Amino acid sequence: MVQPSLGAIVSSALLGSIGGFDSASAPDVAGPAPVVNLTGIGQYQGIRLFESISGSKLPHSVDAWLGIDYALQPAGDRRFKPVEQPPEQFDGMRDAASFGPICTQDKTYEYKDQQSESCLNFNVYRPAGIPMTQRLPTLVWIHGGAFSLYSGRTMDGGSFVASSEQPVMVVTFNYRLNSLGFLPSSLFERLGLLNLGLRDQHFFLQFLQTHLHSFGGDPDQITLGGLSAGSHSAAFEYFHNYGQDEDAPLFARVLLQSGAITARAFPDITYPRYESDFERLMHHIGCSIDESDEAQIRCLRDAPIDEIEQISSKIYAEAESNLNWPWQPVVGGPRLERPGSQGYRDGTFHQVPIISTHTTDEGKYYTPGHLETNDDFIRFWQNLSPNLNVTDLAILNELYPDPVAHPDSAWAQSPNSTQYNRVSGSWSDMAYICPSRATASTTSNKGVATWRLRFNTPGHPLEAHGWRGIPHASDAAYIWNEPTVPFPEVARMYHAYMASFVAAGDPNKFRLDGSPEWPQYKASDRLNGGCCPEQLAKMAMKIPVSEVRKHSSSDSCWIVVDGHVYDMTSFAPTHPGGAQIIYRYAGKDATDQYNAVHAPSLISKTLDSDHHVGRLDETSAPKDWTSSKSKGPAESAGARYPLSSIINLYDFEASAKSSFSPKSWAYVKSASNDCITRDANIEMLKRIWFRPAVMRNVASVNTGTSLFGCNLDIPVYISAVGTVRAAHPQGELAFARGAASSGIVHCISTSASYPREEILDATPKHAWFQLYVDKDRRKTEQLLQLLQKSGKIKALFVTVDLAVVSKREEDERANQGPIDGLGVPDNKGAGLARQSAAFIDPELSWADIPWIRKFSNLPIIVKGIQRWEDAQMVIQHGCNGIVVSNHGGRAADTAQPAIITLLELHKNLPEAFDKLTILIDGGFRRGSDVVKAICLGASAVGLGRSFMYSVNYGEAGVVHATSLLREEIATAMRLCGMTNLMADASPRFLNTKLVDGYVADREHEYLREPKRVISKMRLSRYARDE
């Protein structure tokens, strides 16, 4: 299972002391890390760590040996072969001071420049100052990532070691991923090459039995653990007490963090998608499936690794949203010869102590948010599990009642689509929660020491107060006592339980002082006494309402958002939307206002953990306390139209009008003052006529183009729009995914409602970024560096047409409200636009272009050009392009329509079309409008409002809107006689006579610059007023 973004990996504070290892007061140990000698291989010089992976200072130094090979690497002729030998012996000493390569995977995820097939290496972390002769219990951690992504680096072993009361070690390692480690196919079944990644893992565990003692570890005291796919892997080892492994475990205990042998099902080689995935991979790399087995495997081994990675990543990305992953372990293959359910029945597991955990809302990080009907629900399960029969589906319907037909269903009140809670609940039970319970029941019934835990504390970023609840991997960073998580006290406790388990096989023996005893799980309790077996639920401390109310002024300002209490006193004055909107809710619940425009995780990304006070104790709320009513954007005004009934972009707008909340509708629809420019943008496009050419062969047309290294299926992009969450809970995430699925590009706004890191995580390949320069220039500099490092941002759109937020009356009327008891005037209203853009620097000038280039080498596109003279300045300052735009009529009202400005460039600055990439937005509602703009020299067209209306349906709405545009563009091309849009389109296809009179000349026919005389009397009066 893919882990969500783990945020910064920071070291933790140390706890306690024992046995001569005083972790609270011991100074850092001087000198280098010891040299280790691996028998039959060679010597390695380690490194003494004083910082965590993220660069934060460790409270106690840790010895580490990083990037050590554990096998002959599976590259070249050894590609797609099981590992069978340790590394070759060498003379001298090798450096082990830096991480080795990670295994080849989708380069958009992490460490794209540090990937290699030669990736089978491991890392060891050990507390400094402990004699190497003292054999330490060791946690061997298998990383997660759906068997397709990530590496051993995702677990901060140094922080785990440094935080442990008892001296323990941590070992992390890599194993082959995606098609290189898991290529289910009849060919690999015949050749005995299934489950290579699992076989890498087992080989490494055998390797440790020989070599762990060289690092001062105890091979007889290994705790095998993992998260997600790593946890599934550990479960495969745990339940493999048969064959050569019978009664010979390579570990003393097991820690399964959100995983099990039956988790989310691992079908056999006959699963329908496996063979089609294999055939698609073979076709992409030019290998024939009709050749002999020997010829096929030789072709696979000779194929360029980049081609294998590219198609493997593409297939995975396409399947991810359907939870139907390729490149998985298969039942019947090595290390998984028997189904997990058979292991439960036969009891073929190593009877050593076990911890099994799950989160409260495992599936909500992954399950689709656009399913609306019971048929959608059934199809979801049929696609995921083709072998479900009619009876199975009927049982599913009974267990998880359709919230549409049964409004009292436990799965009602979804924050987005009607089926989201239902799909998430059923999939969570199938994939993680029930397998965790089944594992614990099986082991405890055999008398094995078993502990079970439900993790109910938000991860980082905070998700619990958002529509995703406590999703999969929320506890990822808590296990190593990450201090920057929202609830560090829970991290200290959670880590202490786990470290105690590693050290002693019992999570209670060295648990944190004051923490409750974790009872063993006894499945027999349910049978004997009718009560549920005991397990541990990890939550955070709670703050009474009476305490919150004490902090109701600008001097001490606390607010509540989704059940969490935040101290906003120091943050409010720097809030990008101004302090007033925060002060309005001082001492109150601000959930509804916050969720109307912000992503659930934004507050935790924006604020340091010191601002988080705790959870609200809702049981302490008096009758006059106004609590939150929503978990997402403000309540809608009515029902959306069925997506299937939407046949053009105007239908999306009509649906939004009937279903958006009044505030959201006002924000999206509104424009400056009298909205004259907004409406003129649309009207002027209607006044440009086509001049179709006939008798052309238009059976096949090409609508595609390429811009800034991005391939677009149509010359359309999603214009930057702030606070997209006002239209849908998934906000910019739906934009990012919908754009990628549709073959277009999303331009991310500086004022996005989701943290940029999350939007980039949701962006499979690339995006553009719209930059508002902040009044605090340091923030912009940091942002530019972040964008540069991301690798996904391909162009920088510097917005220049909004030096100040314009007067948007409809928006302000919808958002006005008093600020109680604070004496803070709010005479301007409180429109969402002003809230999200108050930080914009009005001092931005042409002189700042070199400053921007200093921090970014991305193409610079100047957005907001409304006259030919400014386009000329763009050329003079060496920028790469422009967006002809009046901000959709949201900047200066009565500014000329964008299409008129494009014509003005033709008339007064024709060289701009040779020297700049010219984009345009404003008023485009039809594919035919897009064709007109391309005919007039634009390279692509941006749409903002229309996509905001479409995202009302989430990702599916974005995909549908793009599909409508694609169809309209292709139709307009055919009817005008074009076959290749970017090659054929030209002004010859247009008649602009109705708008030519609106196009300004270089010099006006009669207007001249006025000369004004201002009296000294008036000047002196102005001076006195100032």
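**Group meeting: a walk through a predicted model**

I should like to begin in a loop, namely the one between helices α3 (186-191) and α4, where we find N195. The model before you is a predicted one, and N195 is a useful place to enter it. This residue has a positive phi of about 55°, although it is not a glycine. Is N195 buried or exposed? With a relative accessible area of 2%, N195 is buried.

A second asparagine may be set beside it. N673 also is not a glycine, and its phi is positive, at about 45°. Its place is the loop between α20 (662-669) and α21 (676-686). N673 has a relative accessibility of 37% and therefore counts as partly exposed, whereas N195 is buried.

Let me now step back to the protein as a whole. It has 1026 residues, of which 59% count as buried. The secondary structure consists of 36 helices and 34 strands. The exposed area is about 40000 Å², and carbon and sulfur atoms supply 49% of that area. How much of the contact pattern joins residues 24 or more positions apart? If we take the contacts with a separation of 6 or more, such residues account for 75% of them.

I turn next to the aromatic rings. A pair of aromatic rings is described by two quantities, the distance of the centres and the angle of the planes. In this protein the count comes to 40 aromatic pairs. One of them is formed by F204 and F207, whose ring centres are 6.1 Å apart with 15° between the planes; this pair is stacked. Where do these two residues lie with respect to each other along the chain? Both belong to helix α4 (residues 196-211), and because they are 3 residues apart there, about one helical turn separates them. Both are also buried: F204 has a relative accessible area of 0%, and F207 has one of 5%.

A second pair, F455 and Y494, offers another geometry. Here the centres are 5.0 Å apart and the planes meet at 55°, so the pair is tilted. What does this pair tie together? F455 lies in strand β16 (residues 450-455) and Y494 in helix α13 (residues 488-504), so the pair links parts that are 39 residues apart in sequence. F455 is buried at 0% relative accessibility, and Y494 is likewise buried, with a relative accessible area of 0%.

Ring pairs can also join into a cluster. Which residues does such a cluster contain? The ring pairs link W65, Y70, F122, F173, Y175, F203, F204, F207 and F215. You will recognise F204 and F207 from the stacked pair in helix α4.

Rings may also have a charged group over them. R153 lies over the face of Y111, at 4.3 Å from the ring centre. In a second example, the charged end of R890 sits over the ring of Y667, 5.3 Å from the centre of that ring.

We come now to the sheets, and I shall present two. One is an open sheet of 3 strands in the order β3-β4-β7, with mixed pairing. Which strands form its edges? They are β3 (35-38) and β7 (93-95), each of which pairs on one side only. From one strand to the next, the twist averages 30°. Strand β4 (residues 42-45) and β7 run parallel and are joined by 3 bridges. Within this pairing, Q45 has D95 in β7 as its bridge partner.

The other is an open sheet of 5 strands, again with mixed pairing, and its order is β18-β22-β20-β19-β21. Its edge strands are β18 (542-544) and β21 (588-589), each pairing on one side only. β18 pairs with strand β22 (residues 612-617) in the parallel sense, over 3 bridges. Opposite I543 stands L616 in β22.

My final residue is S658, which lies in helix α19 (residues 649-659). Its relative accessibility is 27%, and S658 therefore counts as partly exposed. How far is S658 from R640 in sequence and in space? The two are 18 residues apart in sequence, and their C-alpha atoms are 6.6 Å apart in space.

To close, please locate N195 in its loop once more, then follow the chain into helix α4 and find the stacked pair of F204 and F207. Thank you for your attention.

Conventions:
Residues numbered from 1 in each chain as written. Predicted model: local features only at pLDDT ≥ 70, side-chain atom pairs only at ≥ 80, totals over all residues. Heavy atoms only, no water. Helix = DSSP H or I, 4+ residues; strand = E, 2+ residues; numbered from the N terminus. Buried < 20%, exposed > 50% of the residue type's maximum accessible area, 1.4 Å probe, protein only. Contact = heavy atoms within 4.5 Å. Areas by Shrake-Rupley, 256 points an atom, 1.4 Å probe, with all protein chains shown as cover. Phe/Tyr/Trp six-rings, centres within 6.5 Å; stacked < 30°, edge-to-face > 60°. Lys NZ or Arg CZ within 6 Å of the ring centre and 35° of its normal. Pairing = 2+ DSSP bridges. Axes fitted to C-alpha atoms, helices over the stretch in contact; angles between N-to-C directions.
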